[in-house]
Amino acid sequence: MKIDVRYASHPDDLRGYDTRTLRDRFLVDTLFEADQTILTYSHVDRFLVGGVMPVAGPVPLKSAKEIGTDSFLERRELGLYNVGGPGRVTVDGARFDLDPRDALYVAQGSASVQFESLDRSRPAKFYLASTPAHARFETMKISAAQAKQRPLGSRETSNERVIYQMIHPEVCRTAQLVMGMTMLKSGNMWNSMPCHTHERRSEVYFYFDLPEDARILHLMGRPEETRHIVMANEQAVISPPWSIHCGVGTHNYTFIWAMAGDNQTFDDMDAVPLSTLR
Ligand SMILES: O=C(O)C(=O)C[C@H](O)C(=O)CO
Ligand SMILES: [Zn+2]
């Protein structure tokens, strides 16, 4: 298991960041390596994000000194998506088979979690997001068909997309974690534009379904002082509570968003008028 620790930063710090520093602080550039658990521990809302790609055999989810408990989920909850081939997650002996784009919420207090691929020639890739949890709720598998779907945007503004709210209070109860998937329609490149902030919550975006030679320009920073991070397929980016988070691709793509903080109110966003962006 590998864990990279990221500290929280003050918005004013961004003024002095060069490209390398910006990427080191916010970009999670590698999530999947065969039979490895690759995690990033962010001090922003104590988010843990990462990936597991089991190839040779099952991979267990282990705790670590950075997490500070005997088992990973002793004081945390976990949301995950399969973005690879067919896979299986076993939680305290209960098996959950996940097709591509299926999600699983794993309850706080679950003692053992194990990941495996059902077809070694097409390994499963599990994208994980975990946050501290004060209470235990039900472990639950959620497919895109069970999601609360919210179509948004238009072709004219190149942001026609569907938001699939999956680990969301109306679908699956959690202590604080809220997760979903946004799929852009073909020919549409912009996500989350017009953009927003929500100081009550922080967020992590994980981009996938992007061709290898395509890129996304992810925008972050305070609305009046923005920066961009050039991102490739299957990379994630941490958005502190003070930051906008939106992007434009050279091709359409899908992304998984995960939020944690003071509320679970998806629509509690502070819209940023385009005229104020700098
Ligand atoms: O496409 C979008 O717009 C989104 O998916 C927005 C994210 O869900 C988000 O940032 C929620 O706060
Ligand atoms: Zn947001």
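Ser158 counts as partly exposed, because 17 C-beta neighbours lie inside 10 Å. The residue sits in the loop between β13 (148–152) and β14 (161–167). Ser158 has a positive phi of about 55°, although it is not a glycine. The model described here is predicted. The points below cover backbone features in loops, an open sheet, and one residue in strand β1.

**Backbone features in loops**

- Asp45 is another residue that is not a glycine, yet its phi is positive, at about 55°.
- The loop that holds Asp45 runs between β3 (37–42) and β4 (48–52).
- Asp45 counts as buried, because it has 22 C-beta neighbours inside 10 Å and the cut-off for a buried residue is 20 or more.
- A cis peptide bond leads from Met193 to Pro194, and its omega is near 5°.
- Pro194 is placed in the loop between β16 (190–191) and β17 (196–197).

**The open sheet**

- An open sheet is formed by 7 strands, and its pairing is mixed.
- The order of the strands across this sheet is β1-β3-β4-β11-β6-β9-β12.
- The edges are taken by β1 (2–6) and β12 (140–142); each has a single partner strand, so one side of each is left without a neighbour in the sheet.
- On average, neighbouring strands of the sheet are turned by 15° against each other, with direction ignored.
- In general, the strands of a sheet pair through backbone hydrogen bonds, and the pairing is either parallel or antiparallel.

**One strand pair in the sheet**

- Strand β6 (residues 76–82) and strand β9 (residues 103–106) run antiparallel and are joined by 4 bridges.
- Leu80 has Leu104, in β9, as its bridge partner.

**Val5 in an edge strand**

- Val5 belongs to strand β1, which stands at an edge of the sheet.
- Val5 is exposed, because 10 other C-beta atoms lie within 10 Å and a residue with 12 or fewer counts as exposed.
- Leaving aside residues up to four places away in sequence, Val5 touches Tyr41 and Glu66.
- Between the C-alpha atoms of Val5 and Leu39 the separation is 8.6 Å, while the two residues are 34 residues apart along the chain.

Conventions: Residues are numbered from 1 along each chain as its sequence is written. Chains are lettered from A and ligands numbered from 1 in the order in which they are written. This is a predicted model: local features need pLDDT of at least 70, side-chain atom pairs count only at pLDDT 80 or more; totals for chains, interfaces and linings use all residues. Helices (H or I, at least four residues) and strands (E, at least two) are DSSP runs, numbered from the N terminus. Two strands pair if DSSP finds at least two bridges between them. Axes are lines fitted to C-alpha atoms, for helices over the stretch in contact, and angles run from 0 to 180 degrees between N-to-C directions. Two residues are in contact if their C-beta atoms, placed from the backbone, lie within 7 Å.
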